[in-house]
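Colleague: I am new to reading protein models, and I would like to go through this one with you step by step. Could we start from a single residue and work outwards?

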Amino acid sequence: MPENTRSSATPDVELELERAYLAAARADLARMRERAESLDPTRASDGDSAYELAVTLARRVASLQDDPHTTLFFGRLDLADKPQSGTGVRYIGRRHVSNADGDPMVLDWRAPVSTAFYQASRTEPMGVQRRRRFGIDHGQISAIEDENLLDTTESTGSSEILSQEIERPRTGPMRDIVATIQPEQDVIVRSGIDVSVCVQGAPGTGKTAVGLHRAAWLLYTHRDRLERSGVLVVGPNRAFLDHISAVLPALGEIRVEHSTAADLVNHARLRSVDSTEVAVIKGDPRMAKVLRRALWSRVRRPDEALVVPRGSRKWRIPAYEVQEIVDELRTRGVRFDAARDMLPRRLAHAVLLRMERAGDSPDDRVQESVARSGPVKKYAATLWPAVDPAQVLFDLWSDPEQLAAAAEDDLSSDEQRILLWDKPARSKGSAKWSVADLTLLDELHDLLHRTPSLGHVVLDEAQDLSPMQLRAVGRRCSTGSVTVLGDIAQGTTPWATDSWDAAMGHLGKPAHHLEVLDRGFRVPAAVIDFAARLLPSMAPGLGAPVSVRHNSGDLSLTATSSADRLPTTVDAVRAALADLGSVGVIVPDADVSAVSKALQDNGIEHGRLGDETVDEEDHRVQLVPATVAKGLEFDHVVVLEPSDIADAEPDLRTGLRRLYVVLTRAVSSLRVIHARPLPDQLRAPA
């Protein structure tokens, strides 16, 4: 670390010194990478070890990649206890960098000593005399801003560099926010690994970034544990996962899996879409009891004794005793298949006891032989047959009697009628399964054999998942922890939760810590105040977020005719393109093709999110169906026909929540185009 130059250099000299330090740090990172590339994995003791070493080295090399568009560090701490010593200076960056002597040039932002960069203040300086932030332009240091935490006479105004970084235009996928993490965000990021955290975050509060950075911090702090058990990020759709896909690799974490909730339960081909009425029932937590009964009803009662020939004798276990064995296995709390595997051994043990009473001295080998014998295996398979989850669900939706028996009093007769297929398929193989069905199949798979647990799961937009979907996610962190991110006001499914306590209960994490983020760093005041008009009608009692940005943003509402709405939309996109940054054109799903053609006819290149086709190009303009907009953000947003977006949903509450999501995707400006009148809830109060 360099000497503290606080009082000995002019601002220009200090800027050049910092640039020189950055160049030295970059050279050291290149040396570290070259060193990793030079290691030969084939020198390991055996082939398996060589393979594992090669994989480890490849990950190491990838993590040491320098990004020329940014800097290796974004901040510096000068400690109060040794202000004139090199050991009193700490550079904070995205990854650890050391020099040839092994001394740290840059400290990883996740290291404990880096905490003060985010949380130190004049009231609690945490041993820091000065906090320095660096302005960055195309990978080079362009400005320096110092904050003396021990001088109470200095102004406590906000950081210009921090504000500029938060508000600056951006294109492409989401970036990391390590340089701009706020104290309340940092507390969440650094929560312990055994703590399950639920974050209620309004639009623009950075909840998604907080969740991703928490995953990165946990991997850094508990590397060995989590590399064995794994970390998973679950998002609402593929467009969202593509949007966030670059964050963790930029922080050096390349082993985190990403999935949608639907992909998690991909047990069969998706071939059907349920009506809202059907999907709501299938997503209800009562279905867990129904499925458990349906599965365990496959275990039969013995109607005859077990007879095992062995040598010249036959050993007989009466049916009532077999039933006692079956009942004991059913009440052990183990999975269906585990209990099924135990049955032959339990039957063999009963035979062994009779052998001993008859004066024989059988050992464990005899018991194993009896358990593997044909009569025992056949008898056990008759009582406790192998079960296919798809067959269980197929029988429920096809057979009113089986559904009624499994439902008992949990489902009404009307609900059972709704669930039954009007025209059942001929077999489970030809059944047309829906997303809700796949979630129920996942529940059945877990009843058969336990789903392996990961070390940590980050679940974003959790408010939209049904109780059964939450159970599916919860199974994947049953012995680990979870970071849940969401906003009750943005719930856009008929089953969206109104209670985080209820949602965390379905996840299997009733003991959790709830954090509320309500300071909007990304959404400007003009936009959030406009969208917040919807809150009393769709989420009564939920407080409105507060924008803390310097720039209040731009809002324009343009009424037009039905004939002119597409040309007006094109004009709005052109106006947005005159400014820096990304442009999102969010339209009712039914209008995507028409708007795309209008943009294309007017020479505006654009991507289309939500398409099945893969488009690797980074488009400055993205055309977004309203149902795909959740979790995304754009510097400039053009919204077409708010009333159509709201009316496309099955009920008023869901429609207004969908519209709230759409309106709060803007970082700098929002242009609303409408031929129909705006929803009453959006009109300015008298």
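**From one residue to the whole chain**

Modeller: Let us begin with V595, which is found in helix α26, a helix covering residues 592-601. Please keep in mind throughout that this is a predicted model.

Colleague: Does V595 count as buried or exposed?

Modeller: A residue is called buried when its relative accessible area is under 20%. V595 has a relative accessibility of 2%, and therefore it counts as buried.

Colleague: Which residues is V595 in contact with, once its neighbours within four places in sequence are left aside?

Modeller: For this we look for heavy atoms within 4.5 Å. Setting aside the neighbours within four places in sequence, the contacts of V595 are with L566, V585, V587, L623 and L640.

Colleague: What separates the C-alpha atoms of V595 and Q681?

Modeller: Along the chain, V595 and Q681 are 86 residues apart. In space, the separation between their C-alpha atoms is 26 Å.

Colleague: In what order do the strands of the parallel open sheet stand?

Modeller: This open sheet has six strands, and their pairing is parallel. Its edges are held by β9 (257-260) and β14 (513-517), and because each of them has a single partner strand, one side of each is left without a neighbour in the sheet. On average, and ignoring direction, neighbouring strands here are turned by 15 degrees against each other. Read across the sheet, the order is β9-β8-β12-β13-β7-β14.

Colleague: Which residue of β9 is the bridge partner of L232?

Modeller: Strand β8, made of residues 231-235, runs parallel to β9 and is joined to it by four bridges. For L232, the bridge partner in β9 is E257.

Colleague: How many of the residues of β7 are buried?

Modeller: In a regular strand, side chains alternate between the two faces of the sheet. In β7, V197, V199 and G201 point one way while C198 and Q200 point the other way, and all are buried. The strand is therefore largely enclosed by the rest of the structure, the count of buried residues being five of the five.

Colleague: Which residue of β14 stands opposite V197?

Modeller: β7 is joined to β13 by four bridges in a parallel run, and there V199 stands opposite L485. With β14, β7 pairs in the parallel sense over five bridges. In that pairing, the residue opposite V197 is H513.

Colleague: At about what angle does helix α6 run to β13?

Modeller: Helix α6, residues 207-221, lies across several strands, namely β7, β8, β12, β13 and β14. Its angle to β13 is about 165 degrees.

Colleague: Which strands stand at the edges of the sheet with mixed pairing?

Modeller: This second open sheet also has six strands, in the order β3-β4-β2-β1-β5-β6, and its pairing is mixed. An edge strand has a single partner strand, so one side of it is left without a neighbour in the sheet, and the strands placed in this way are β3 (97-98) and β6 (140-148).

Colleague: What angle does the direction of helix α1 make with that of β6?

Modeller: Helix α1, residues 11-38, packs on this sheet and touches β1, β2, β3, β4, β5 and β6. Its direction makes an angle with that of β6 of about 115 degrees.

Colleague: How are α12 and α20 placed to each other, in words rather than degrees?

Modeller: Two packed helices are described by the angle between their axes and the distance between the axes. For α12 (residues 286-296) and α20 (residues 435-448), the angle is about 50 degrees and the axes are 10 Å apart. That angle makes α12, relative to α20, oblique.

Colleague: What is the hand of the crossing of α14 and α16?

Modeller: The axes of α14 (residues 336-357) and α16 (residues 374-383) come within 9 Å and cross at roughly 130 degrees, and therefore these two helices are oblique to each other. Their contact is made by L343, P344 and L347 of α14 together with V376, Y379, A380 and L383 of α16. The crossing is right-handed.

Colleague: Finally, what share of the residues in the chain is buried?

Modeller: The chain has 28 helices and 22 strands, and its C-alpha atoms fill a box of roughly 105 × 70 × 45 Å along the principal axes. Of its 686 residues, the buried ones make up 52%.

Notes
Residues are numbered from 1 along each chain as its sequence is written. This is a predicted model: local features need pLDDT of at least 70, side-chain atom pairs count only at pLDDT 80 or more; totals for chains, interfaces and linings use all residues. Side-chain values use heavy atoms; hydrogens and water are left out. Two strands pair if DSSP finds at least two bridges between them. Axes are lines fitted to C-alpha atoms, for helices over the stretch in contact, and angles run from 0 to 180 degrees between N-to-C directions. Angles under 35 degrees count as roughly parallel, over 145 as roughly antiparallel, 65 to 115 as roughly perpendicular and the rest as oblique. Buried means under 20% relative accessible area, exposed over 50%, partly exposed in between (1.4 Å probe, protein chains only). A crossing is left-handed if the near helix is turned anticlockwise from the far one by less than a right angle, and right-handed if clockwise.
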